[in-house]
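User: I'd like to go through the hollows in this one and see what sits where. Can you take my questions one at a time?

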Amino acid sequence: MANCAIVGINWGDEGKGRMVDLVTEDYDVVVRYQGGGNAGHTVMNEKGKFALHLLPSGIFRDGVVNILGNGVALDCENLWTEMEDVRSKGVALTPENLKISDRASLLLPWHRDLDALEEGRLKDKKYGSTRQGIAPFYSDKYQKKTVMAGELLYPQHLKAHLADLLEWKNLTLTGVYGAEPYTMEQLWAWVEEFGGKIRPYICDTGAFLRKANAQGKNILFEAQLGALRDLDYGIYPYTTSSNPVAAYAPIGSGFPAAKIDQVIGVVKAYSSCVGEGPFTCEWFGEDAEKLREAGAEYGAKTGRPRRVGPIDIVATRYGVETQAATSIALTKLDVLSYLDKIPVCAHYELHGEIIDYFPFPAVLDEAKPMVEYMEGWKCDISGARTWEDLPQAARSYVEYIEQAIGCHIGYVSVGPERDAIILR
Ligand code: GDP
């Protein structure tokens with residue numbers, strides 16, 4: 001029996017969904033343990049191309065049980081839309097292969113409103129939120145001011161609980177932001193409609209996981225975003241409001257005693273970052289445009305152009321340590337095939353010194369990238385399926401990264417398709 005977490009090492013969008021889709025073959029259960037619908041995993045397989053936001057990426061495999069753990073921000077409206085979309089493409093979703101934790105807290109409509117209102121108030125100091133309500137949701141969760149999915153199974157209790165929250169939340173909506181208050185009728189209509197739809201999937205997923213583990217089933221934990229967006233370890237305050245680190249997987253999944261044997265850290269062969277915050281290795285102008293085009297770097301959720309640059313060894317090494325990665329999946333190596341020479345942000349310069357540690361967020365803005373170049377390979381590598389199929393220059397690039405970040409690169413991905421992978 002072996003449990004595994006698949007996590008992002010950088011700013012997110014590293015290709016985690018693609019890796020989960022690939023390795024679920026060896027797992028019985030896939031659990032999403034944090035975050036909400038504020039980011040997207042893109043998965044391409046024989047069933048089509050899918051942009052997943054909340055659903056675990058194991059839903060395409062027959063026989064795999066998918067769980068939304070207590071750590072996620074459960075937006076039942078968006079979840080239902082996503083479920084309908086996936087179903088329309090022929091993927092079966094039933095309470096047998098999709099289970100929602102009764103302890104997952106509900107993201108309510110006012111969380112989205114408050115996210116947009118606060119970003120609007122911040123104007124040019126905004127955090128770059130996707131306005132999906134994630135930050136207000138987690139603040140409320142930790143203030144004990146939202147409801148758990150399991151309360152949908154007890155409507156009378158839920159109604160009384162929501163009435164208390166409504167009174168409190170309207171004070172903020174009207175008093176702080178001058179926005180319209182919610183009425184109980186509006187809120188209850190939303191709960192009936194969307195909560196009602198997900199009700200059949202709600203159960204004690206912690207009990208399910210404990211039993212599955214005792215039976216020797218293999219569990220895969222799936223994260224959203226990456227180490228540098230982790231609330232505690234990332235580039236605060238330009239982080240998300242939850243913990244994408246693998247260490248949080250046992251807590252956010254509902255199985256606090258889980259032992260994670262393997263952590264696959266996903267790293268892209270270059271860097272990308274959506275939204276605000278320091279991004280030391282960032283490219284601008286024509287170079288950035290070409291890389292963005294080559295890698296199709298536009299947000300899966302928002303369509304926003306992603307900021308791009310060369311691979312950042314300093315940040316990646318920090319991400320590897322933070323995630324306690326046991327092996328690395330290096331994705332999108334094929335995207336770099338157009339470059340004559342491959343740029344690498346090998347070190348930072350901070351206050352006149354060359355450094356290899358990842359600086360404290362408050363001074364990260366002052367760090368400058370120190371870029372070195374490696375030989376390019378200038379040929380199509382998307383058909384490579386073995387290590388030997390790769391040109392020497394591509395192999396040297398992979399070996400350089402492996403040595404620089406101090407973790408074995410076990411997978412090299414050369415295309416979005418399930419089989420476009422080299423195992424090392
Ligand atoms: P995630 O959130 O970490 O799952 O990443 P995203 O889905 O936002 O971004 C990864 C994108 O790159 C998706 O569109 C994938 O289909 C695509 N992708 C993943 N691996 C590769 C690869 O090796 N090569 C290419 N060209 N595209 C890839």
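User: Let's start at the ligand. How far from an oxygen atom of the ligand does a backbone N or O atom of Gly415 lie?

Analyst: Keep in mind that this is a predicted model. The contact on the Gly415 side is made by a backbone N or O atom, and its partner is an oxygen atom of the ligand. The separation between the two is 3.1 Å.

User: And how much of the ligand's accessible area does the protein cover?

Analyst: On its own, the ligand has 590 Å² of accessible area. With the protein around it, the covered part of that comes to 90%.

User: Which residue puts a polar side-chain atom 3.1 Å from an oxygen atom of the ligand?

Analyst: Lys332 also has a contact with an oxygen atom of the ligand, at 2.9 Å, but there a backbone N or O atom is involved. The contact that uses a polar side-chain atom, at 3.1 Å, belongs to Arg306.

User: Which element gives the largest share of the shell around the ligand?

Analyst: The shell counts 17 residues, with Lys16, Gly40, Thr42, Asp334 and Ser413 the closest. Two elements, α1 and β3, each supply at least two residues of it. The largest share is three residues, and it comes from α1.

User: How many nonpolar residues does that shell have?

Analyst: Sort the shell around the ligand by class and you get seven polar and seven charged residues. The nonpolar class is left, and its count is three.

User: Which pocket is the space taken by the ligand?

Analyst: Look at the pocket of about 670 Å³. It has 30 lining residues, and Thr42, Gly295, Arg306, Lys332 and Pro416 lie nearest its centre. Arg306 and Lys332 turned up above with contacts to the ligand, the former through its side chain and the latter through its backbone. The space taken by the ligand is the second largest pocket.

User: Which element gives the most to the lining of the second largest pocket?

Analyst: Four elements give two or more residues to this lining: α1 (16–23), β3 (41–45), β4 (48–52) and α9 (285–295). By class, the lining divides into twelve nonpolar, ten polar and eight charged residues. The top contribution is four residues, and it is from β3.

User: What volume does the largest pocket have?

Analyst: This pocket has 45 lining residues, with Tyr127, Ser129, Ala135, Thr239 and Ser241 nearest its centre. Elements giving two or more residues to the lining are α3 (109–122), α4 (134–142) and α5 (155–175). The lining splits into 18 nonpolar, 14 polar and 13 charged residues. As for the volume, that's about 940 Å³.

User: Now the closed space. How many charged residues are there in the lining of the largest cavity?

Analyst: There's one cavity of 30 Å³ or more in the structure, and the largest cavity holds about 40 Å³ of space. Its lining includes Trp283, Leu291, Ile311 and Tyr397, and β13 (307–312) and β15 (341–350) each supply at least two residues. By class the lining has eleven nonpolar residues and no polar ones, and the number of charged residues is likewise none.

User: A couple of backbone details to finish. Which residue does a cis peptide bond join to Tyr236?

Analyst: Omega at this bond is about 10°. The partner is found in the loop between β10 (219–222) and α8 (249–253). Tyr236 is joined to Pro237.

User: And what is phi of Ala324 near?

Analyst: Ala324 lies in the loop between α10 (313–323) and β14 (327–331). Its phi is positive, in a residue other than glycine. The value is near 50°.

Methods:
Residues numbered from 1 in each chain as written. Predicted model: local features only at pLDDT ≥ 70, side-chain atom pairs only at ≥ 80, totals over all residues. Heavy atoms only, no water. 1 Å grid on protein atoms, 1.4 Å probe; cavity = no way out; pocket = protein on both sides within 12 Å on 5 of 7 lines; lining within 4 Å. Points joined across faces, edges and corners; volume = space filled by probe spheres on them. Nonpolar A, V, L, I, M, F, W, Y, C, P; charged D, E, K, R; others polar. Near = heavy atom within 4 Å. Polar contact = N/O pair within 3.5 Å; in protein donor to acceptor, adjacent residues only side chain to side chain. Areas by Shrake-Rupley, 256 points an atom, 1.4 Å probe, with all protein chains shown as cover. Sits in = over half its atoms within 2 Å of the grid points.
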